[in-house]
Amino acid sequence: MVSPLGVVSPLVRMYCESLTKAPLVTNCVTAATLSVCSDAIAQKMEVMSASKEKTVSTGVNVFPYDVSRGLWMSGWGFVISGLFVHFWFMFLNSLFPVEGLTLVGALKKVFVNQFFMSPGLNSLFFCYTTFTRNDVPKETRMSFLRKKLAKDLVPTMKRSCAYWGTIQMVNFLYIPQKFSLLYTNVGFLIW
């Protein structure tokens with residue numbers, strides 16, 4: 001019988017080799033995959049909170065998974081959480097080199113990350129989800145977006161500072177650079 005560790009170890013080794021050989025592609029595909037997983041969890045939670053869960057004749061609970069939304073989130077993950085954040089981290093590393101980063105340097109790096117990324121990335125995410133989701137009628141999307149930004153942007157940025165400040169502090173100080181984007185995308189999964 002093969003132990004779970006016996007299966008996981010070669011997969012981890014293959015992933016690490018892929019990160020070494022093709023870091024950008026590996027990070028983008030990882031980000032896309034984790035974005036789809038995150039969205040599937042979000043969809044399930046939305047259905048549960050709306051009490052729209054259906055029970056099929058087998059007695060198994062299923063929920064109406066929105067494939068289109070999942071594909072759009074895959075695109076977000078690949079382009080934004082993977083590609084853009086990869087180059088953003090390269091930029092941050094040019095300002096605050098990884099080698100010899102001190103606690104003060106990490107705090108500055110987190111501050112720059114939060115000051116520029118939180119408003120921009122959260123606004124972009126609200127725009128993206130407003131214009132790609134099927135549950136917002138096309139003719140009302142601009143007014144929906146204005147209301148969404150007015151209601152949710154500042155509270156989201158506040159939560160973002162608390163959550164991402166902590167996540168990125170750990171990331172910048174303790175996570176090997178090779179795994180920095182993976183760690184961030186696991187953070188996106190939880191976020």
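This report describes the fold, the burial and a nonpolar surface patch of a predicted protein model.

## Secondary structure and contacts

The protein chain contains six helices and two strands. Read from the N terminus, the order of its elements is α-α-β-β-α-α-α-α. Two helices thus precede the strands, and four helices follow them.

Among contacts in the protein chain with a separation of 6 or more, 69% join residues that are 24 or more positions apart.

## Burial and accessible surface

The protein chain has 191 residues, of which 35% are buried. Its exposed area comes to about 11,700 Å². Carbon and sulfur atoms contribute 72% of that area.

## The nonpolar patch

On the surface, V25, V29, F78, V79, L83, F87 and M90 form a nonpolar patch of about 590 Å². Two elements each supply two or more residues to the patch, namely α2, which spans 23–49, and α3, which spans 67–95. The largest contribution comes from α3, which provides five residues.

One of the patch residues is L83, which is located in helix α3. Is L83 buried, partly exposed or exposed? L83 is classed as partly exposed because its relative accessibility is 30%, a value that falls between the limits of under 20% for buried and over 50% for exposed residues.

Methods:
Residues numbered from 1 in each chain as written. Predicted model: local features only at pLDDT ≥ 70, side-chain atom pairs only at ≥ 80, totals over all residues. Heavy atoms only, no water. Buried < 20%, exposed > 50% of the residue type's maximum accessible area, 1.4 Å probe, protein only. Contact = heavy atoms within 4.5 Å. Areas by Shrake-Rupley, 256 points an atom, 1.4 Å probe, with all protein chains shown as cover. Patch = residues over 30% accessible without salt bridge, like charges linked within 9 Å, V, L, I, M, F, W, Y side chains within 5 Å. Salt bridge = Lys/Arg side-chain N within 4 Å of Asp/Glu carboxyl O.
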